[in-house]
Amino acid sequence: MTDAASQDPGLRDWEPEIRQYAGDPAAYLAVQAARDYAVLGLRQVGDSQVDVEVMSVGLAAPEGPTVAMTGCYDSQSTQLVKADSGEVVPPGTPPRYVWDITVIQYLSEPGEPWLVSTLEPRTDQPC
């Protein structure tokens with residue numbers, strides 16, 4: 001969903017769709033990134049590629065059942081471009097770096113969804 005929002009950030013308010021897959025703070029950050037892209041006249045080209053490995057599962061975690069993952073994000077799978085000209089904005093990150101990801105089951109929500117709650121880029125950690 002974040003790829004779709006980043007690829008066409010000015011199309012609509014992406015918050016309702018992002019919140020189907022993410023909880024805060026990850027949802028807030030994804031929504032804000034799409035809004036920032038729209039304001040700055042930027043958009044993403046390409047789809048994110050992340051290789052994910054489960055690091056731990058905590059079914060009795062206080063905040064709800066939790067899965068912690070580490071992902072290797074290939075920043076070369078996407079490009080940031082100026083929406084009006086297609087001019088590529090130079091990347092500010094290394095080609096491949098670690099993301100720490102947490103997914104929590106929200107037991108108090110209808111359907112008890114599993115939502116991404118954190119996406120922490122670790123640009124100082126290559127993978």
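A residue counts as buried here when its relative accessible area is under 20%.

**View 1. The whole protein, as a predicted model.** By that cut-off, 30% of the 127 residues of the protein count as buried. There are 3 helices and 7 strands to find, and starting from the N terminus they come in the order α-α-α-β-β-β-β-β-β-β. The C-alpha trace spans about 50 × 35 × 15 Å along its principal axes. If you look at contacts with a separation of 6 or more, 56% of them are between residues 24 or more positions apart. The accessible surface adds up to about 7,600 Å², and carbon and sulfur atoms own 55% of that.

**View 2. Salt bridges around the helices.** Searching the whole structure turns up 9 salt bridges. One of them brings together the side chains of Glu17 and Arg12, with N and O 3.0 Å apart. Both ends are partly exposed: Glu17 has a relative accessible area of 21%, and Arg12 comes in at 39%. Another salt bridge pairs Asp13 with Arg35, and here the closest N and O atoms are 3.3 Å apart. Asp13 sits in the loop between α1 (2–7) and α2 (15–18) while Arg35 belongs to helix α3 (residues 26–40), so this pair ties together parts that are 22 residues apart in sequence. Asp13 is partly exposed at 43% relative accessibility, and Arg35 is partly exposed too, at 38%. Zoom out a little and you'll find a network of salt bridges linking Asp13, Glu15, Arg19, Asp24 and Arg35.

**View 3. Strand β6 and its two partners, β3 and β7.** Strand β6 covers residues 96–105, and 7 of its 10 residues are buried, so you can think of the strand as mostly covered. It runs antiparallel to β3, joined by 9 bridges. The pairing of β6 with strand β7 (residues 114–126) is also antiparallel, again over 9 bridges. Val98 is a handy residue for tracing both pairings: it is the bridge partner of Cys72, and its own bridge partner in β7 is Arg122. While you follow these strands, keep in mind that side chains in a regular strand alternate between the two faces of the sheet.

**View 4. A salt bridge between β6 and β3.** Arg96 and Asp74 form a salt bridge, their closest N and O atoms lying 4.0 Å apart. Arg96 is in strand β6 and Asp74 is in strand β3, so to speak two distant parts of the chain, 22 residues apart. What sets the two ends apart in exposure? Arg96 is partly exposed, at 31% relative accessibility, whereas Asp74 is buried, with a relative accessible area of 15%.

**View 5. The open sheet β1-β4-β5.** Here 3 strands line up in that order with antiparallel pairing. β1 (42–45) and β5 (88–89) each have a single partner strand and stand at the edges, so one side of each has no neighbour in the sheet. β4 and β5 are held in their antiparallel pairing by 2 bridges. To spot this pairing, look for Leu80, whose bridge partner in β5 is Val89.

**View 6. Thr78, in the loop between β3 and β4.** That loop lies between residues 66–74 of β3 and residues 79–82 of β4. Is Thr78 buried or exposed? Thr78 counts as buried because its relative accessibility is 12%. Its side chain makes a polar contact of 3.2 Å with the side chain of Tyr73. Setting aside residues up to four places away in sequence, Thr78 touches Gln44, Val45, Gly46, Asp47, Ser48 and Tyr73.

**View 7. Thr93, in the loop between β5 and β6.** Thr93 is partly exposed, with a relative accessible area of 32%. Which residues does Thr93 contact, leaving aside its neighbours within four places in sequence? They are Ser75 and Thr123. The C-alpha atoms of Thr93 and Asp124 are separated by 8.9 Å, though the two residues are 31 apart along the chain.

**View 8. A nonpolar patch on the surface.** Val54, Val57, Leu59 and Trp114 make up this patch, and together they have about 410 Å² of accessible area. Val54 belongs to strand β2, which covers residues 49–58. With 49% relative accessibility, Val54 counts as partly exposed.

Conventions
Residues are numbered from 1 along each chain as its sequence is written. This is a predicted model: local features need pLDDT of at least 70, side-chain atom pairs count only at pLDDT 80 or more; totals for chains, interfaces and linings use all residues. Side-chain values use heavy atoms; hydrogens and water are left out. Patches are made of residues with over 30% relative accessible area and no salt bridge: like charges are joined within 9 Å, nonpolar side chains (Val, Leu, Ile, Met, Phe, Trp, Tyr) within 5 Å. Accessible areas come from the Shrake-Rupley method with a 1.4 Å probe; for residues, only the protein chains shown count as cover. Helices (H or I, at least four residues) and strands (E, at least two) are DSSP runs, numbered from the N terminus. Buried means under 20% relative accessible area, exposed over 50%, partly exposed in between (1.4 Å probe, protein chains only). A polar contact is a pair of N or O atoms within 3.5 Å; within protein, one must be able to donate a hydrogen and the other to accept it, and residues adjacent in sequence count only if both atoms are side-chain atoms. Contact means heavy atoms within 4.5 Å. Two strands pair if DSSP finds at least two bridges between them.
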